[in-house]
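Welcome! Take a moment to look over the sequence and turn the model around before reading on.

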Amino acid sequence: MTTLLKPLRRIAAYAVCADSSGRVLLVRASERSGTPGAWSLPGGAVDHGEDPNHTVVRETAAETGLSVAVSSLADVLADMRALPDRGITIHTDRLIYRVAVRGGTLADRVGERPTDLARWYTLDEARELPLRSFTARALGLPASSADVVPDEAPEFPSFYAVPGPDGLHRAQRFAAYAVCTDPAGRVLLTRISDGYPGAGCWHLPGGGTDYGEQPGAALIRELVEETGQAGRLVELLGVASHRDAASLGPEGYPIDWHGVRAFYRVVVDQPNPLTVADVGGSTCEARWFGREELGALPTDRLTEVTAEAVQAAQLT
């Protein structure tokens, strides 16, 4: 029964790397891993405070011996897998990047890491391998059975802080946010409540994803809860990574906070009256802004991820 397994969460970044012949770079899980013998994209867990762009470069070099440069963000997805032998089930938010090789020599890492082999494969060859599910999806191949999926999503808090080596609590959180517009071209923002980090600043609608939840579904859910609007997901715009080494919120103690946030373009075709359902939560107001009005807002009235996402969407 996978429902009895201890739940864990993590954020990870992976590389889709193709050579001049169209072959893709894959690595094999070693006996030290939870899925020995399965093949996946090179990559791994994002360290606390680390930009996922740096993670994918670091992990690819460690697993394959190749130095890569990030070209673009390809996808963001989430999955759960059960590891009964270890007594755990893991939800992983996976950031998939397109990369290009800039140097190094392909090398195996036998006995050194949770992966032991690195190889180039054509897509037809990869189709015959026991692929991790996220790898099959990223490569556009049929779903694989290499992962054991839990019976159901376990209970797990959306906010989880643990003591760090410096005495401060640490929290790493994945969230999804909307650069949301209506037919008139207005942009929807929410204002952060008093007592929360960034109080009074305007923020993108959205928030942390639940255990087992895909980021797009989480975003549409959060949009309804925070603003009363039914949105339509259009495209993934990017991922922002920000660290606040001593954030003070309603918990009452400083937290070394690392937020990794995917932001999407969302359209509300028929705006409803603005309502904030989560009374007493982190959102106290929702408001539509015209493009000129948005552009006139001082930078210090916007959260970091909002300023970054608005720029990426070319709204100002």
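Let's start at a turn: in the hairpin of β9 and β10, 5 residues lie between the strands, and G185 there takes a positive phi near 85°. Keep in mind that this is a predicted model. From this hairpin we can follow β10 to its other partners, then visit a second sheet and the cysteines.

**Around strand β10**

- Strand β10 covers residues 187–192 and is mostly covered, with 5 of its 6 residues buried.
- On the hairpin side, strand β9 (residues 169–181) runs antiparallel to β10, and 2 bridges join them.
- You can find this pairing by looking for C180, which stands opposite L188 in β10.
- Strand β15 (residues 283–289) is also antiparallel to β10, joined to it by 6 bridges.
- Here I192 has T283 in β15 as its bridge partner.
- Strand β11 (residues 202–203) is another antiparallel partner of β10, with 2 bridges between them.
- In that pairing, R191 has W202 in β11 as its bridge partner.
- As a general reminder, strands of a sheet pair through backbone hydrogen bonds, either parallel or antiparallel.

**The sheet of β3, β2 and β7**

- This open sheet has 3 strands in the order β3-β2-β7, and the pairing is antiparallel.
- Why is one side of β3 and of β7 left without a neighbour in the sheet? Both β3 (39–40) and β7 (115–121) stand at the edges, so each has a single partner strand.
- Strand β2 (residues 24–29) pairs with β7 over 6 bridges, in the antiparallel sense.
- A good place to spot this is R28, which stands opposite L117 in β7.
- Helix α1 (residues 52–64) lies across β2 and β7, and runs at about 70° to β2.

**The cysteines**

- How many disulfides does the structure hold? There are 0.
- For C180, the closest cysteine sulfur is in C284, and at 18 Å it is too far for a bond, since a disulfide needs the sulfur atoms within 2.5 Å.
- Is C180 buried or exposed? C180 counts as buried because its relative accessibility is 0%, under the 20% cut-off.
- C284 is in no disulfide either, and its nearest cysteine sulfur, that of C201, is 11 Å away.
- With 39% relative accessibility, C284 counts as partly exposed, a label for values between the 20% and 50% cut-offs.

Conventions
Residues numbered from 1 in each chain as written. Predicted model: local features only at pLDDT ≥ 70, side-chain atom pairs only at ≥ 80, totals over all residues. Heavy atoms only, no water. Pairing = 2+ DSSP bridges. Helix = DSSP H or I, 4+ residues; strand = E, 2+ residues; numbered from the N terminus. Contact = heavy atoms within 4.5 Å. Axes fitted to C-alpha atoms, helices over the stretch in contact; angles between N-to-C directions. Buried < 20%, exposed > 50% of the residue type's maximum accessible area, 1.4 Å probe, protein only.
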